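Work through the exercises below with the model open beside you. Each task is followed by a worked solution.

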Amino acid sequence: MTDATQSSPSGGSGEGGGEALIHCRGLQKSFHDISEGREIIAIQHLDFEVLEGEFLTILGPSGCGKSTLLNIIAGFEETTAGQVTLRGRPITKPGADRGVVFQEYALFPWMTVLDNVCYGLKEKGLPKEEQIGIAETYLNAVGLEEFANRYPHELSGGMKQRVSLIRVLANDPEILLMDEPFAALDAQTRKGLQEELIRLWQDSHKTILFVTHNVEEAVFLGDRVVVMTARPGRIKEIIEISLERPRDVTAPDFNLVRREATRLVEEELKGRNTAVLSHSG
Ligand SMILES: Nc1ncnc2c1ncn2[C@@H]1O[C@H](COP(=O)(O)OP(=O)(O)O)[C@@H](O)[C@H]1O
Ligand SMILES: [Mg+2]
């Protein structure tokens, strides 16, 4: 451990000092696996809190239950046991308070970039001028103002993911849930999007839960990094990161945190069989 990190199995409170917004208590989720003909427990005994306004990254090997956890918080999946609450109220279904961004770009191919970004605002019944005003603000924020009238197929992967992100942000959810949103992008594009995401987060004061299996990404983005165990996923450790932003991935103190996080993930990888190791995503 270094000055830049503090670990605690239970989490403690983050740097931002916000109140706990989401509580996960004794979460368990089992699936019936048809190919194996048995129940598999994806996550078990999972307890942690998400603080208001924090950027929390969830790091763990593929197949450890990260997406399952995020889908439960999103309200897409029910728990088998335990409970998730948001401001003390159980999460039972999706809601406008939570916006979700996946690895796949969730854009309507037949709509222009502008119409894609306006979509949720239109659904809410906002007047046209207001929709366009909000959409243009976000398009400017990610440097896509000149692409407003293009279609998704005319954009690069990085641009499509920017549109997917601002399309969710435009709806102004309190919480952003992100599941490996940059995993399909090349390293340079990914870096650019990570930096933009930090800027958008700092300007918007939203709470972000960001799932990744990439150690550097988790350490670059998070106020805290929740490291999960291999399946069944539990919280292995929570690393608090006090490195100043914007973070420099080449700095020695960044490297110390990255090494510690890598060590924790590798410990989990060692204990697993190769079938799980080859699982992608
Ligand atoms: N709908 C499902 N049916 C059966 N098994 C599933 C389902 N969703 C996830 N799993 C299993 O649960 C485990 C955790 O999956 P997942 O949450 O996707 O992990 P991660 O996102 O960390 O890669 C994996 O073994 C996966 O195969
Ligand atoms: Mg996943």
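**Exercise 1. Place Asp172 in the chain, then describe its backbone and exposure.**

Solution. Start with the location. In this predicted model, Asp172 sits in the loop between α4 and β8. Next, check the backbone. Asp172 is not a glycine, yet its phi is positive, about 55°. Last, count neighbours. Asp172 has 15 C-beta neighbours inside 10 Å, so it counts as partly exposed. The cut-offs are 20 or more for buried and 12 or fewer for exposed.

**Exercise 2. Treat His205 in the same steps: place, phi, exposure.**

Solution. His205 lies in the loop between α5 and β9. That position is just after α5. The phi of His205 is near 55°, a positive value in a residue other than glycine. Now the count. There are 11 C-beta neighbours inside 10 Å, so His205 counts as exposed.

**Exercise 3. Test the length of α4 and decide how enclosed this helix is.**

Solution. Begin with the span. α4 runs from 157 to 169. At 1.5 Å a residue, its 13 residues should span 18 Å. The expected span is 1.5 Å times one less than the number of residues. The end C-alpha atoms are 18 Å apart, which agrees.

Then turn to burial. In α4, 11 of the 13 residues are buried, so the helix is largely enclosed by the rest of the structure. Among the buried residues are Lys160, Arg162 and Arg167, along with Val163, Leu165 and Ile166.

What provides the cover? The elements over the buried residues of α4 include β7 (98-101), α2 (113-123), α3 (128-141), β8 (175-179) and α5.

**Exercise 4. Find which residues of α5 are buried and which are exposed, and say how they are arranged around the axis.**

Solution. Check the length of the helix. α5 covers residues 187-204, and its 18 residues should span 26 Å at 1.5 Å a residue. The end C-alpha atoms are 25 Å apart, which agrees.

List the buried residues of α5: Arg190, Leu193, Gln194, Leu197 and Trp201. They cover an arc of only 110° around the axis, which puts them on the same side of α5. On the other side, Gln188, Gln202 and Asp203 are exposed.

Finish with the cover. The buried residues of α5 are covered by elements including β4 (55-59), α4, β9 (207-212) and α6 (215-221).

**Exercise 5. Work out the strand order of the open sheet and find its edges.**

Solution. Take the pairs one at a time. β2 and β3 pair in the antiparallel sense over 10 bridges. Ile22 stands opposite Val50 in β3. These two strands form a hairpin with 4 residues between them. Gly37, in the turn, has a positive phi of about 60°.

Move to the next pair. β2 is joined to β5 (residues 81-86) by 5 bridges, and the two run antiparallel. Here His23 stands opposite Thr85 in β5.

Assemble the sheet. Its 4 strands follow the order β3-β2-β5-β6, with antiparallel pairing. β3 and β6 (89-90) stand at the edges with a single partner strand each, so one side of each is left without a neighbour in the sheet.

**Exercise 6. Describe the shell around ligand 1: which residues come nearest, and which elements contribute?**

Solution. The shell holds 14 residues, of which Phe31, Ala42, Lys66, Ser67 and Thr68 come nearest. Two or more residues come from each of β2 (20-33), β3 (38-51) and α1 (66-74). α1 gives the most, with 3 residues. By type, the shell has 4 nonpolar, 7 polar and 3 charged residues.

**Exercise 7. Locate the cis peptide bonds at Pro232 and Pro246.**

Solution. Arg231 and Pro232 are joined by a cis peptide bond, with omega about -5°. Pro232 lies in the loop between β10 (224-228) and β11. The bond from Arg245 to Pro246 is also cis, with omega near -5°. Pro246 belongs to the loop between β11 and α7 (252-270).

**Exercise 8. Is Ile241 buried or exposed, and how far is it from Val219?**

Solution. Ile241 is in strand β11 (residues 235-241). With 25 C-beta neighbours inside 10 Å, Ile241 counts as buried. Val219 is 22 residues away along the chain, but the two C-alpha atoms are separated by 7.5 Å.

Notes: Residues numbered from 1 in each chain as written. Chains lettered and ligands numbered in written order. Predicted model: local features only at pLDDT ≥ 70, side-chain atom pairs only at ≥ 80, totals over all residues. Near = placed C-beta within 6 Å. Nonpolar A, V, L, I, M, F, W, Y, C, P; charged D, E, K, R; others polar. Pairing = 2+ DSSP bridges. Arc of directions from axis to C-beta. Contact = placed C-beta atoms within 7 Å.
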